[in-house]
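Opened a new two-chain model today and wanted a quick geometric read of it. Notes below, in the order I looked things up.

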Amino acid sequence: MSEALVLGGAEESPLRDLASYRAVGGYAQLLKARAMPPQEVIALLIESNLRGRGGAFFPTGRKASFIPSPEKVAKPIYITVNADESEPGTFKDREIMLRVPHRLVEGCLIAAHAIQSDFVFIYIRGEYSTEYDVLQSAVDEASAAGLLGDVTILVHRGAGAYICGEETALLSSLEGERGQPRSKPPFPAIEGLYAAPTLINNVETITTIPVVLEVGPAEYAKIGAPPDSTGTRLFCLSGNVARPGVYELPHGLTTRHLIEEIGGGVPDGRSLKAVMMGGSSFPVMTPDDLDTKLDANSLGQKGYFIGSGVVCVLDDRTCMVQFALRVGQFYMHESCGKCTPCRVGTRWLVQMLRAVENGTASESDFDLALDVCDRIIGKCLCVLGDSDAMIVASCVTKFRDEFRAHLEHGGCPFGHDSSLDGLFAPSDQHAAHREVVA
Amino acid sequence: MSLTDEIQKVAKRYPESKSAILPALRLAQDEYGWLSREAIEEVGEALDLTPAYCMSVASFYDLFNFEPIGRHTIEVCTNVCCGLVNAQAVLESFERELDIAPGETTADGEITLRAVECLGGCSTPTIVAIDQRYRQSVTPEDVPAILEELRNV
């Protein structure tokens with residue numbers, strides 16, 4: 001783990017308290033940053049070409065540069081750190097909060113200096129209880145040590161809604177409303193929280209900022225797969241793999257290397273069937289593309305996305321219809337209901353996938369499903385529906401023979417042998433529960 | 001400190017008090033175990049919001065309960081990453097041992113069982129949140145001991 005930068009120093013044991021973080025040079029970069037003019041810090045971020053680790057891969061320095069300077073606006077300037085990690089297969093931000101919480105705090109304070117903000121919100125998903133405790137204690141410790149200066153850091157707990165990881169939904173939720181997305185423009189950099197300029201960054205992105213300052217932007221920009229995919233990445237390896245875990249690696253290693261060399265390959269003598277790549281919001285990868293490098297451009301050329309660094313391995317016991325159905329049920333459950341194509345489309349896809357799984361669909365339903373996907377993508381305020389459409393469409397397209405086999409077989413050809421057989425979705429539980437209480 | 005005082009203290013930390021609705025609802029739920037109509041009204045009163053507004057917000061989120069639940073909650077992740085390595089067997093083991101379906105509470109009011117979406121612990125499946133604290137790498141064989149432990153708490 002010599003590549004560890006974001007998790008640097010925490011390879012063996014977590015750096016939860018201030019003393020242990022200071023022992024590895026913690027908060028030195030904050031002092032360095034505060035000695036620079038704010039614009040210079042943004043310039044360093046631009047030079048490093050650090051990009052957003054939440055999924056959209058937007059250049060971090062450029063995003064910060066969109067924030068107007070305080071003298072040009074009559075409102076406060078806010079930072080909102082997105083710690084609402086809920087994308088299926090993503091568990092890296094949790095690892096950061098548990099292992100290097102002070103590096104996240106240091107990143108917040110450097111970002112606050114860069115855009116001249118004195119109020120930072122960290123929106124942490126409601127289910128993360130231990131993570132909240134650890135992070136809050138780091139904030140308290142930093143505050144007691146006088147490191148916060150004029151800056152307030154408020155750790156705000158969500159209450160269970162995947163959509164609140166979408167930046168404008170997060171703002172709605174933080175303002176005390178239902179967590180529903182808003183139309184853009186205006187973009188949050190101009191009109192965000194309380195209609196004031198707001199910088200929104202993912203936990204990993206913010207935590208990488210002290211690293212960029214420490215190694216220097218020019219050196220950082222040489223790590224990984226420059227010029228676009230610089231630096232390291234916390235890959236979330238899970239599923240049917242011998243050694244699942246969070247692995248911090250430079251961008252640009254192959255998918256095969258991560259799965260086989262680092263992850264120990266597919267266990268139990270099974271073979272790899274597909275990879276949920278980038279997260280549940282993107283097309284699934286087929287084995288013929290395993291040599292694709294894990295950087296945005298290499299993946300993009302093959303129609304994949306790096307997303308939030310998810311690499312979830314599916315072995316040959318996986319029924320891809322069940323997989324698409326379970327992912328579809330997730331999106332149906334999490335759709336906020338604001339935009340019709342998403343609200344209706346996610347439900348329709350679940351119904352169709354269930355009919356395929358039961359063997360009661362017809363061949364024409366495959367094209368109908370793809371048509372529904374097409375009518376969701378790009379037609380809503382946010383990409384929740386698009387995410388569902390992208391992964392479902394990739395399953396229908398790439399595994400059409402397996403889908404067809406369900407119809408020929410009059411049901412799932414795996415019988416009860418699929419690894420996902422009988423997987424219960426919370427959306428079903430709600431329906432079942434309504435029957436119980438009625 | 002009364003619930004109202006606690007909520008108003010938290011609200012002062014935010015630039016606008018309405019932002020404190022999620023922490024306020026959480027405080028109310030911690031106090032009463034679930035959000036009754038009265039609890040919702042109390043939150044509304046403390047934040048100067050109508051009960052209808054508070055309910056519309058609360059109902060958007062999965063972590064709030066609108067009916068009494070068990071003294072303990074068991075939430076099993078059943079998204080695909082845990083599912084690939086047999087989360088369903090873990091859930092079924094809880095169902096069998098407790099003799100209830102997901103979404104239900106045992107007759108003695110002790111335990112509520114739920115299936116939940118990805119909890120973000122995919123490298124140590126199956127993840128089970130017991131009273132909101134994660135247990136990692138739970139197998140069906142672990143279930144009886146977990147229940148024994150809960151019944152003694």
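These entries go from chain A to the A–B contact and then to chain B.

**Entry 1: chain A overall.** First reminder to self: this is a predicted model. I pulled the secondary structure of chain A and got 18 helices and ten strands. Next I checked the radius of gyration, which is 22 Å; the globule rule also gives 22 Å for 438 residues, so chain A is as compact as a globular protein of that length. Along the principal axes, the C-alpha atoms of chain A fill a box of roughly 70 × 45 × 40 Å. I also looked up burial: 56% of the 438 residues in chain A are buried. Of the chain A contacts with a separation of 6 or more, 73% are between residues 24 or more positions apart.

**Entry 2: a helix pair in chain A.** I picked α6(A), residues 101-115, and α9(A), residues 203-215. How do their axes cross? They come within 7 Å and cross at roughly 80°. With 65 to 115 degrees counting as roughly perpendicular, that makes α6(A) roughly perpendicular to α9(A). On the α6(A) side I listed R103(A), L104(A), E106(A), G107(A), C108(A), I110(A) and A111(A). They meet V203(A), I206(A), T207(A), I209(A), P210(A) and L213(A) in α9(A). By type, the residues of this contact split into nine nonpolar, two polar and two charged.

**Entry 3: where B touches A.** I counted 44 residues of chain B in contact with 53 residues of chain A. Which elements of chain B each supply at least two residues to that side? My list has the helices α2 (21-32), α4 (51-58), α5 (80-83) and α6 (87-98), plus the strands β2 (111-116) and β4 (133-135). The largest share comes from α2(B), with five residues. I sorted the chain B side by type as well and found 24 nonpolar, eleven polar and nine charged residues.

**Entry 4: chain B by domain.** The domain assignment splits chain B into domain 1 (3-58) and domain 2 (72-151). I took the centres of the two domains over C-alpha atoms, and 29 Å separate them.

**Entry 5: one residue, E92(B).** I found E92(B) in helix α6 of chain B. Is E92(B) buried, exposed or partly exposed? There are 17 other C-beta atoms within 10 Å of E92(B). Buried would need 20 or more and exposed 12 or fewer, so E92(B) is partly exposed. Last lookup: E92(B) and T106(B) are 14 residues apart in sequence, and their C-alpha atoms are 15 Å apart in space.

Notes: Residues are numbered from 1 along each chain as its sequence is written. Chains are lettered from A and ligands numbered from 1 in the order in which they are written. This is a predicted model: local features need pLDDT of at least 70, side-chain atom pairs count only at pLDDT 80 or more; totals for chains, interfaces and linings use all residues. Two residues are in contact if their C-beta atoms, placed from the backbone, lie within 7 Å. Helices (H or I, at least four residues) and strands (E, at least two) are DSSP runs, numbered from the N terminus. Ala, Val, Leu, Ile, Met, Phe, Trp, Tyr, Cys and Pro count as nonpolar, Asp, Glu, Lys and Arg as charged, and the others, Gly among them, as polar. Domain bounds come from an automatic or database domain assignment. The radius of gyration is taken over C-alpha atoms; the globule rule is 2.2 Å times the number of residues to the power 0.38. Axes are lines fitted to C-alpha atoms, for helices over the stretch in contact, and angles run from 0 to 180 degrees between N-to-C directions. Angles under 35 degrees count as roughly parallel, over 145 as roughly antiparallel, 65 to 115 as roughly perpendicular and the rest as oblique.
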